[in-house]
Amino acid sequence: MSLKDTAYRFKEFWNDFKRERSGLVGLGILGFCVLVVLFEPAFLPFKDVNGNWRSISYWEDNPRAAPPVWTNLFAKQKSATTVQYDEATVSEEFVTTERYPGGVKMKVYSFGYDYRYDLSPVDLIVRMTASGNLSADIDVVRPDGQTIYLGSFIESGMKDSPLRFATDTAGRNNVLSFIRERAGEFGINMSNTTGVRPTQLIFSQLEPTMLRSRTPLKGEYTVRVKVPAEIASAPGNEIADVMLVVSGRVSGLLGTDTAKRDLMSGIVAGLKWALLIGLITSVVSVLIGVMYGIISAYLGGFSDTAMSFVWEIFVSIPVLPVLIVMSAIFKPSIWIIIASLIVFSWVGPVKTVRSMALQIKEETYIEAAKALGAGKARIIFKHMAPLLLPYSFANMALAVPGTIVFEASLSLLGLGDPSIITWGQILHDAQSSGATLNGLWWWIVPPGLFIAIMGMTFAFLGFAMDKILHPKLRTR
Amino acid sequence: MYKWYALKRILRGMFMFALLMFVFSLLFNQVNERTQRTQIFEQVKQESARLTNMRADQIEAWRNQRLDQLIKQYRLDRPMLERVMYRAINTVTFNFGQSTVIKSSKGEQQVLAILMEALPRTMLLFTTAIVFQLGIGIFLGMKKAQKPGGSLDRSTSFVTMIIYGMPTWWLGMMLILFFVYMLKLFPSGGLNSVPSPQGFMFILDRIWHMALPVMTLVILGFWGLSFVIRNIVLGVLQEDYIMSARARGIPENSVLFGHTMRTAAPPLVTISLLSLLASFSGAIIFEGIFSWPGLGNLYWVAVQQNDIPVLMGDLALTTGIYQAGLVILDLIYGFLDPRIKVGGKA
């Protein structure tokens, strides 16, 4: 069949397809998904999620099990969101501190944070990379003028070492001692500090009862990292990449899980694997199945019987259980999983294609081709396959969701490839940490919903194609 | 004759099962033998610990002799093909051996006992769900075919497409989230409350525990079924005798469920049973979500505990059930459609 014929048939098909509204919707969603995959970095909140999904240190600045940001819209009390400040304002100040009673010139890296929520952030984290020797004090200036000393770095002999200061753990005692001076004797006696986060105290108004009932103190906060100027400018000492992470009570578009991972990043990174697994498996296996059916029908006789027997063996294998056992024993990579999915799922279209091919085989033009001396391969690939392949396109589209679900099921059992991120693996983590029973809905809903949406997309496409390619099923 | 057809089909199913078991034991030969060797060593170690009235060298000699004996008994010293054959025959005769970790509720370590304990629970869950699915699916499919392109047909077809790729187990998780975590209406999983109540309350309690898993299966199950049934019935409704029945003034429901149903029955039964078989294989995962201790949950547990014998036994049993399903399918088909019985002496 020439290119012109193909183009003509495609145009004809497209004219029909344009009228299927659900098919167009499916095509639209698929196109958007392909766009997201192609420009993945633009959609990833955390750019290096690929390869870092199971790294603990990569995610340590995120809050644990935080709901999505947009839940604030429905909440009466607004929660602080996660923000990261990469740029510090650098200034020089002359200050007197406990360590330098005579006063000293300080290089100050400061970050302004506008706090206008009801529920405080979970943590304030200061990060930097430093070389040589360093001593730095970290404090926060509140809108009411109070300054809370959080803690300090005193390090020596570093070489581009990453430094991290987390208020929630390292600043706890300093914040508590600040409160002890300000809150009344009575208030302290009446409450205990075990369940209190330092950030809750930092971001609430000073009052005698602040350990128990906290009123948020809204306004402009400044977090400062103060380094004595002589240390900062000493040769061999270097400070770079000072940044502040405000770890919010809600975080990201889809929240975080109990391992502090940003779920939005995981979902976006999982999309390409879902598409890849689904498309490769279904296209290859349907092609194999169609060719198998045509060849079996054309050859006839003993080959046909033998091929039907092999087909029957594969049909009687329950795919998922076998896949589960295989993955549990061999611990395969994703490519092996795709290959075994193909091995077990090519059987789908064989029967229909075989019966259709049996009809075509008897057509006169096949006979004519034979009379002209065409070989088996020529007749099969040039005369029969081009006629039957279009019918398999609908099958391909309809096979995609099943494949995605198979992979997700394997991953759900913890049998997926650990070097990649798939939606099934996210659900596995959710299931094994009991997310359903703890109400962490933002961990369970999106991955499954996206699996379902992918399924829906290909169902739209497949059913629309099916209607056009098999006119018998059109609604009469 | 029907009985020859039936016999032939059953024999072929059994042959297929045996063949598959052979393939499986070939495929998983290595890991199977490793587990078996470990089990033999464990057994000899335990037995020799009981020998208190022997000297050390005597125990050593006894141990070696016992090991040899057991390895011979399990034919681990034979050539590979014979070992594989032997294991396949064992599987076909339901001789699965001992589990490594998992025990049945009575404490037995026989894999067969563990499987037989799980099987009825799976059957209970799936038959209940299947009855509901078939009922709703057939009714809805018929109604859809009655007015193709009508609002009911189009809206239900749309829903079918929307839920086409939705994993059953995910819906299960969602229902747990909604009904267990938020509304606190149903238990989160298991067979019965602990301690389980007696008598009539026991049955009620079981139904209460089954409600959520059955609901999950039914909510997702009947849509695809009704879609396929619609297409089959639609073909039959074009026949002349349907038109003549309608012309005679026979009530529409009688035309639909009487005249159409009988002709459409063979493909209808095949397709619905086939889709149910497919869902059985797929829904195996979802038992784990509800901690329903059936065959599917056994996969979860066996994978987590790395209990190879149980995994193998479970696979063999699932394959057997699947195979039996295919055989039953053909038997029903042959029964409903006499033309199918080719090869029998008429």
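Ala, Val, Leu, Ile, Met, Phe, Trp, Tyr, Cys and Pro count as nonpolar here, Asp, Glu, Lys and Arg as charged, and the others, Gly among them, as polar. Keep that in hand for the exercises below, and remember that this is a predicted model.

**Exercise 1. Sort the lining of the largest cavity by residue class, and find which helix gives the largest share.**

Step 1. Start with the space itself: the largest cavity holds about 70 Å³.

Step 2. List who is there. The lining consists of Gly270(A), Trp273(A), Ala274(A), Ile277(A), Ile404(A), Glu407(A), Ala408(A), Thr422(A), Trp423(A), Gly424(A) and Ile451(A).

Step 3. Apply the classes. You should end up with seven nonpolar, three polar and one charged residues. Glu counts as charged, and Glu407(A) is in the lining.

Step 4. Map the list onto helices. In chain A, H9 (263-299), H15 (376-412) and H16 (423-432) each supply at least two residues of this lining. H9(A) has the largest share, with four residues.

**Exercise 2. Do the same sorting for the second largest cavity.**

Step 1. The structure has two cavities of 30 Å³ or more, and the second largest has a volume of about 40 Å³.

Step 2. Its lining is made up of Pro187(B), Ser188(B), Gly189(B), Gly190(B), His209(B), Leu212(B), Pro213(B), Phe290(B) and Trp292(B).

Step 3. Sorting gives five nonpolar, four polar and no charged residues. Watch out for the glycines: Gly goes with the polar group.

**Exercise 3. Describe the second largest pocket: which residues lie nearest its centre, and which helix gives the most to its lining?**

Step 1. This pocket has about 770 Å³ of space.

Step 2. Of its 29 lining residues, Gln39(B), Phe96(B), Gly97(B), Gln98(B) and Pro309(B) sit nearest the centre.

Step 3. Now the helices. At least two lining residues each come from H1 (2-27), H2 (29-49), H4 (80-92) and H13 (308-336) of chain B. H2(B) gives the most, with nine residues.

Step 4. Finish with the classes: 17 polar, 10 nonpolar and two charged.

**Exercise 4. Work out what the contact between chain B and chain A is made of.**

Step 1. Count the residues: chain B brings 51 and chain A brings 48.

Step 2. Look at the area. The two chains bury about 4400 Å² between them, and 80% of that is on carbon and sulfur atoms.

Step 3. Pick out the charged pairing. One salt bridge runs between the chains: Arg12(B) pairs with Glu312(A), with their closest N and O atoms 3.0 Å apart. That fits inside the 4 Å cut-off for a salt bridge.

Step 4. Add the polar contacts, which come to five residue pairs between chain B and chain A.

Step 5. Turn to the side of chain B that touches chain A. Elements giving two or more residues to it include H1, H6 (151-162), H7 (168-182) and H8 (200-237) of chain B. H13(B) provides the largest share, nine residues.

Step 6. Sort that side of chain B by class, and you get 37 nonpolar, 11 polar and three charged residues.

**Exercise 5. Where in chain A do the partners of the Glu40(A) and Lys272(A) salt bridge lie?**

Step 1. Over all chains, the structure holds 27 salt bridges. In this one, the closest N and O atoms of Glu40(A) and Lys272(A) are 2.8 Å apart.

Step 2. Place each partner. Glu40(A) is in helix H3 (residues 40-43) of chain A, while Lys272(A) is in helix H9 of chain A.

Step 3. Check the spacing: the partners are 232 residues apart, so the pair links distant parts of the chain.

Terms used:
Residues numbered from 1 in each chain as written. Chains lettered and ligands numbered in written order. Predicted model: local features only at pLDDT ≥ 70, side-chain atom pairs only at ≥ 80, totals over all residues. Heavy atoms only, no water. 1 Å grid on protein atoms, 1.4 Å probe; cavity = no way out; pocket = protein on both sides within 12 Å on 5 of 7 lines; lining within 4 Å. Points joined across faces, edges and corners; volume = space filled by probe spheres on them. Contact = heavy atoms within 4.5 Å. Buried area = accessible area lost by both parts, 1.4 Å probe. Salt bridge = Lys/Arg side-chain N within 4 Å of Asp/Glu carboxyl O. Polar contact = N/O pair within 3.5 Å; in protein donor to acceptor, adjacent residues only side chain to side chain.
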